[in-house]
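User: Can you walk me through this model? I'd like the sheets, the ligand site and any odd backbone spots.

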Amino acid sequence: MSTPKPAGQRHRYALVGTGARAEMFVGAIAVDHAERAELVALADTNPARLAAHNRRLTGLGAAPAALYPAEKFTAMLDETGADTVVVTTVDSTHDEYILAALAAGRDVITEKPMTVDAERCRRILDADTDGRVRVAFNYRFKPAHEKVRTLLASGVIGEIGSVHFEWLLDVRHGADYFRRWHRDKASSGGLLVHKSGHHFDLVNWWLGARPERVYAQGRLFFYGENGSRHGYDRGYERVHGSPEAASDPFALHLADNPGLAELYLGAEEHDGYLRDRNVFAPGASIEDDMSVLVGYDTGASMTYHLTAYAPWEGYRVMFNGSAGRLELEVVENDHVDPRTAGHVKGAALHGAEAPAERGATRLTLHPFWRPPESVELPSSPAGGHGGADAAMTAVLFGGATDPLDRSATSRDGAAALLTGLAANASIACGEAVAVADLLALT
Ligand SMILES: NC(=O)c1ccc[n+]([C@@H]2O[C@H](COP(=O)([O-])OP(=O)(O)OC[C@H]3O[C@@H](n4cnc5c(N)ncnc54)[C@H](O)[C@@H]3O)[C@@H](O)[C@H]2O)c1
């Protein structure tokens with residue numbers, strides 16, 4: 001990464017991909033870390049979303065950024081003198097901007113997944129010869145996940161033999177992937193790349209391991225055309241303007257949310273992108289129910305399952321070691337409150353009423369021959385993803401120290417991606433897939 005700026009000079013950032021996720025980075029650069037960082041430019045293919053971000057910046061009391069159409073990306077870097085580019089575009093387009101920024105001698109912070117196929121991944125690794133790319137794996141920065149890493153590294157359960165990991169996306173959050181570009185595998189890589197990449201990265205980081213061999217099974221069981229089989233499909237194409245969607249708990253009503261209406265409904269005229277498709281509309285090419293078996297270079301193995309249509313949201317991960325077992329259970333919400341079913345994850349109810357959903361985090365150490373010990377966890381700070389976003393941006397933009405090595409490189413991004421790609425390949429061919437057959441990670 002680039003050397004720090006001399007005193008008095010701020011680091012100059014440009015961001016490409018001004019959708020929902022960009023809001024977090026824009027606020028972190030232009031407001032939270034404004035002493036050291038400066039947001040000089042924004043680029044996107046959609047001018048309405050670009051303008052929406054500048055209105056938001058002004059509302060936050062920050063200076064507006066220079067706005068560029070995406071095809072002027074390289075000119076933007078030259079004209080604004082950006083030092084680092086933040087990439088928050090649709091997954092299948094990350095590589096284009098990572099490669100252009102590296103070619104222009106800039107550093108890169110990219111959202112996960114780093115890209116969506118092995119060939120593009122290889123091009124990024126070949127171009128990132130001096131470690132200029134960071135992948136924004138924010139889950140590493142969650143206090144419970146940091147604690148797991150510290151405990152495992154301390155040898156508290158000895159050598160890790162295996163991991164058992166289950167992740168549940170509920171019928172609000174899981175459903176959201178079937179309304180948007182994510183439902184198209186060519187755009188997102190499917191949930192094993194787009195979503196499980198976080199989980200695969202955590203395991204790589206927790207174990208200090210690289211994946212070698214992957215077997216998987218998966219299918220689209222619940223969303224898409226399965227909706228008519230299970231009696232959920234109400235037969236409309238998109239929510240906005242469809243009377244059939246009025247009482248559908250799976251419907252996202254963009255017009256009821258000023259932020260979403262501004263970013264998406266008000267931007268449709270420029271690219272025709274629909275953010276509120278019926279989750280049961282035909283054409284989804286991704287899976288919603290996936291089982292994966294991974295063998296690692298340390299000798300450990302992992303059984304993993306992702307369900308995208310669960311009644312509650314959270315995860316359980318268990319580590320079996322030569323000196324005991326460590327179990328993490330996180331309930332993000334124990335059910336989906338029907339009043340927020342048709343919102344995006346984290347949306348608040350209008351008015352003062354709190355949703356009835358409950359959550360809890362439990363980390364338990366089971367040593368041999370002794371009763372289990374409950375491990376005390378720091379309470380999750382406020383902010384996106386249980387405080388993980390703020391902790392991550394403090395390192396990325398604020399110069400905070402990173403003793404746990406949470407900042408992920410392009411090689412880390414590749415290792416997480418390749419687990420998902422090998423799983424996708426295994427689903428397609430019905431056989432176990434060697435990761436090195438997709439790309440040799442040196
Ligand atoms: N780590 C996390 O917790 C987290 C959470 C949400 C999203 N993300 C990631 O952030 C990225 C953006 O997701 P989002 O939810 O904001 O999606 P989004 O659809 O809201 O935004 C994507 C933006 O990219 C733009 N875009 C599309 N094609 C482009 C191109 N060729 N060139 C330039 N811009 C283009 C779109 O116009 C849109 O503004 C994704 O990679 C996603 O995986 C990460």
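Analyst: We'll go through the ground rules, the sheets, the ligand and then the backbone.

User: What kind of model is it, and how are residues numbered?

Analyst: It is a predicted model, where local features need pLDDT of at least 70, side-chain atom pairs count only at pLDDT 80 or more, and totals for chains, interfaces and linings use all residues. Residues are numbered from 1 along each chain as its sequence is written, and side-chain values use heavy atoms, with hydrogens and water left out.

User: In what order do the strands of the 9-strand sheet run?

Analyst: The order is E14-E13-E12-E11-E7-E10-E9-E8-E16, an open sheet with mixed pairing. Strands (E, at least two residues) and helices (H or I, at least four) are DSSP runs numbered from the N terminus. Two strands pair if DSSP finds at least two bridges between them.

User: Which strands stand at the edges?

Analyst: E14 (373–374) and E16 (433–434). Each has a single partner strand, so one side of each is left without a neighbour in the sheet.

User: How do E8 and E9 pair?

Analyst: Antiparallel, over 8 bridges. Pro211 stands opposite Tyr296 in E9. E9 is also joined to E10 by 7 bridges, again antiparallel. There, Ser291 faces His305 in E10.

User: What connects E9 and E10?

Analyst: They form a hairpin with 4 residues between them. Gly299 in that turn has a positive phi of about 100 degrees.

User: Which helices lie across this sheet?

Analyst: Helix H10 (residues 196–207) lies across E7, E8, E9, E10 and E11, at about 155 degrees to E10. Helix H15 (residues 410–429) lies across E8, E9 and E16, at about 50 degrees to E8. Contact means heavy atoms within 4.5 Å. Axes are lines fitted to C-alpha atoms, for helices over the stretch in contact, and angles run from 0 to 180 degrees between N-to-C directions.

User: What about the sheet with 7 strands?

Analyst: That one is open and mixed too, in the order E3-E2-E1-E4-E5-E6-E15. Its edge strands are E3 (66–69) and E15 (408–409), each pairing on one side only. E4 and E5 pair in the parallel sense over 4 bridges. Val86 has Ile109 in E5 as its bridge partner. Helix H4 (residues 94–103) packs on the sheet, touching E1, E4, E5 and E6, and its direction makes about 165 degrees with that of E5.

User: Switching to the ligand. How many residues surround it?

Analyst: There are 26, each with a heavy atom within 4 Å of the ligand. The closest are Asp44, Arg49, Asp91, Tyr97 and Tyr264.

User: Which polar contacts reach ligand oxygens?

Analyst: A polar contact here is a pair of N or O atoms within 3.5 Å. Among them, a backbone N or O atom of Arg21 lies 2.8 Å from a ligand oxygen. For a backbone N or O atom of Lys112, the distance is 2.9 Å. Trp181 uses a polar side-chain atom, at 2.8 Å.

User: How much of the ligand does the protein bury?

Analyst: It buries 89% of the 850 Å² that the ligand exposes taken alone (Shrake-Rupley, 1.4 Å probe).

User: Where are the odd backbone spots?

Analyst: Lys112 turns up again: a cis peptide bond joins it to Pro113, with omega about -20 degrees. Pro113 lies in the loop between E5 and helix H5 (118–127). Trp369, in the loop between E13 and E14, has a positive phi near 65 degrees. Most residues other than glycine have a negative phi, and most peptide bonds are trans.

Technical notes. A polar contact is a pair of N or O atoms within 3.5 Å; within protein, one must be able to donate a hydrogen and the other to accept it, and residues adjacent in sequence count only if both atoms are side-chain atoms.
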